[in-house]
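This report looks at a nonpolar surface patch and at some backbone features. The sequence and structure come before the discussion.

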Amino acid sequence: MDLDPVFLSRLQFAFVVSFHAIFPVFTIGLASYIAVLETISLKTGSPHWEKLAAFWTKIFAVVFGMGVVSGLVMAFQFGTNWSNFAYVSSNFLGPILAYEVVTAFFLEAAFLGVLLFGRGKVPKGLHLLSAYMVAIGTFISSFWILSANSWMQTPTGFELREGMIHVTSWAEAIFNPSFPYRFAHMALASFLTGGFVVAGVSALYLLRGHAVESAERALKMTLVLLAVIAPLQMFVGDLHGLNTLEHQPAKVAAMEGHWETGGQVPLLLFALPDQQAEENHLEVGIPKLASVILKHDPDGVVQGLKDFAPEERPPVAIVFWSFRIMVGIGMLMILVGLWGAWHVWRGSLRSSPRFLRVLTWMIPAPFIAVLAGWFVTEIGRQPYLIYGVMTASEAVTPSLQGWMVLFTMVGYIAVYAVVFTAGLHYLRKVVQHGITELPAHSDDHGRPKRPLSAVEIDETPSSTPSFFQN
């Protein structure tokens with residue numbers, strides 16, 4: 001059996017990056033949420049907010065650790081599987097990844113310890129500062145990583161000399177044409193992911209009558225956020241799509257399942273793309289709508305896949321369906337966010353068990369949407385690793401053999417399965433323990449009659465919600 005090292009290396013990296021991506025997209029949004037909770041807690045003195053902050057900080061710590069462990073492997077793969085790519089792009093990617101470590105990772109590492117273990121041991125102002133520094137660190141990290149990835153999508157500010165990338169303008173390279181749209185799109189995706197997880201867990205507690213006051217407060221503020229951010233994400237996604245049309249028209253053609261260049265292009269709701277036959281089967285679409293979205297003109301001409309050589313076309317079916325999954329979940333998020341805002345306005349959250357159950361079902365939705373979006377972005381760029389500059393076959397390590405990649409991929413899958421299982425088990429324990437109930441010495445408004453100690457905030461025993469009991 002012939003094992004293609006290029007295909008297997010792409011498959012291996014896809015597995016690693018897909019596994020890793022779900023953690024940062026959650027921790028970025030959750031870190032900002034924790035900073036908000038800590039701010040409200042310090043301002044109001046209410047133990048409800050302090051207990052919420054302590055609970056979600058525990059969740060953040062576990063997920064952050066899983067993200068760090070899963071992300072280390074990607075850096076190794078640049079050398080083991082993609083050495084040609086690492087060599088050619090080293091003058092740009094080397095400094096960018098170093099900046100990410102120096103400006104973001106060190107910042108997060110320094111203040112994360114204070115955030116996790118400093119409650120009740122350091123001044124409250126310093127503890128609040130640590131929450132903000134961790135949140136800022138997550139955004140700085142995403143800034144550099146998305147800049148590097150966006151440059152691979154829309155490379156600018158460089159020249160090729162003797163087969164190597166040489167940066168001619170760091171400003172143009174870092175702030176490349178697709179970066180602003182992709183950074184905004186990912187930031188909003190992080191808020192949506194963190195928001196739906198917080199909403200789903202809070203809804204579970206409300207359904208089972210556990211820490212009701214704290215859960216309801218968390219749910220109300222999160223639903224208002226989701227009602228604003230979900231529609232905004234759709235708007236930013238449209239801008240991102242128009243930018244992609246300008247710089248990567250083959251990707252957009254694959255997203256739309258569009259083969260022939262022409263006007264009055266329908267928006268396909270369903271189709272079975274056939275890459276060999278260069279056509280779609282069983283098309284169901286809305287006439288002219290794709291032209292309206294992409295060109296703002298019902299007769300707007302959109303470039304088709306047949307304008308590109310067959311070897312320069314991305315895998316159409318995967319890109320086509322991944323895009324529809326992402327957009328479909330995005331529309332569902334908008335509906336749920338607006339539905340939730342309506343319940344908040346009416347004050348009917350506690351009396352709406354059907355809506356609360358919907359929120360629990362929505363917990364996986366943002367993660368699926370993020371993965372689908374990454375598939376569109378990365379698979380839609382194929383066959384290039386650096387768009388228009390270097391293909392995947394040119395980037396792979398010359399001495400790499402298929403059996404080597406297969407062997408290491410099996411190892412990665414096994415190790416990641418252990419890490420993921422252990423992480424989920426501990427997260428289950430944290431959620432099972434729940435948000436600690438208020439102690440008996442709190443007044444009717446949830447304000448403590450005396451200051452709470454760190455032990456009372458973090459370690460007060462709580463009843464176990466019945467939905468986690470065996």
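A residue counts as buried when its relative accessible area is under 20%, as exposed when that area is over 50%, and as partly exposed in between. The model discussed here is predicted. Val284, with a relative accessible area of 46%, is therefore partly exposed, because that value falls between the two cut-offs. Val284 belongs to strand E4, and together with Leu269, Phe270, Leu272, Leu282 and Ile286 it makes a nonpolar surface patch of about 520 Å². The elements that give two or more residues to this patch are strand E3 (267–274) and strand E4 (279–286).

Two residues other than glycine have a positive phi, and they are set out below with their accessibility.

| Residue | Phi | Relative accessible area |
|---|---|---|
| Gln264 | Gln264: near 55 degrees | Gln264: 44% |
| Lys288 | Lys288: about 70 degrees | Lys288: 35% |

Gln264 is found in the loop between helix H9 (249–256) and strand E3, whereas Lys288 has its place in the loop between strand E4 and helix H10 (289–295). Gln264 is partly exposed, because its 44% lies between the limits for buried and exposed, and Lys288 counts as partly exposed at 35% for that reason too.

Which residues does the cis peptide bond join? The bond links Gln382 and Pro383, with an omega of about 10 degrees, and Pro383 is placed in the loop between helix H13 (365–379) and strand E5 (384–386).

Definitions and conventions
Residues numbered from 1 in each chain as written. Predicted model: local features only at pLDDT ≥ 70, side-chain atom pairs only at ≥ 80, totals over all residues. Heavy atoms only, no water. Patch = residues over 30% accessible without salt bridge, like charges linked within 9 Å, V, L, I, M, F, W, Y side chains within 5 Å. Areas by Shrake-Rupley, 256 points an atom, 1.4 Å probe, with all protein chains shown as cover. Salt bridge = Lys/Arg side-chain N within 4 Å of Asp/Glu carboxyl O. Helix = DSSP H or I, 4+ residues; strand = E, 2+ residues; numbered from the N terminus. Buried < 20%, exposed > 50% of the residue type's maximum accessible area, 1.4 Å probe, protein only.
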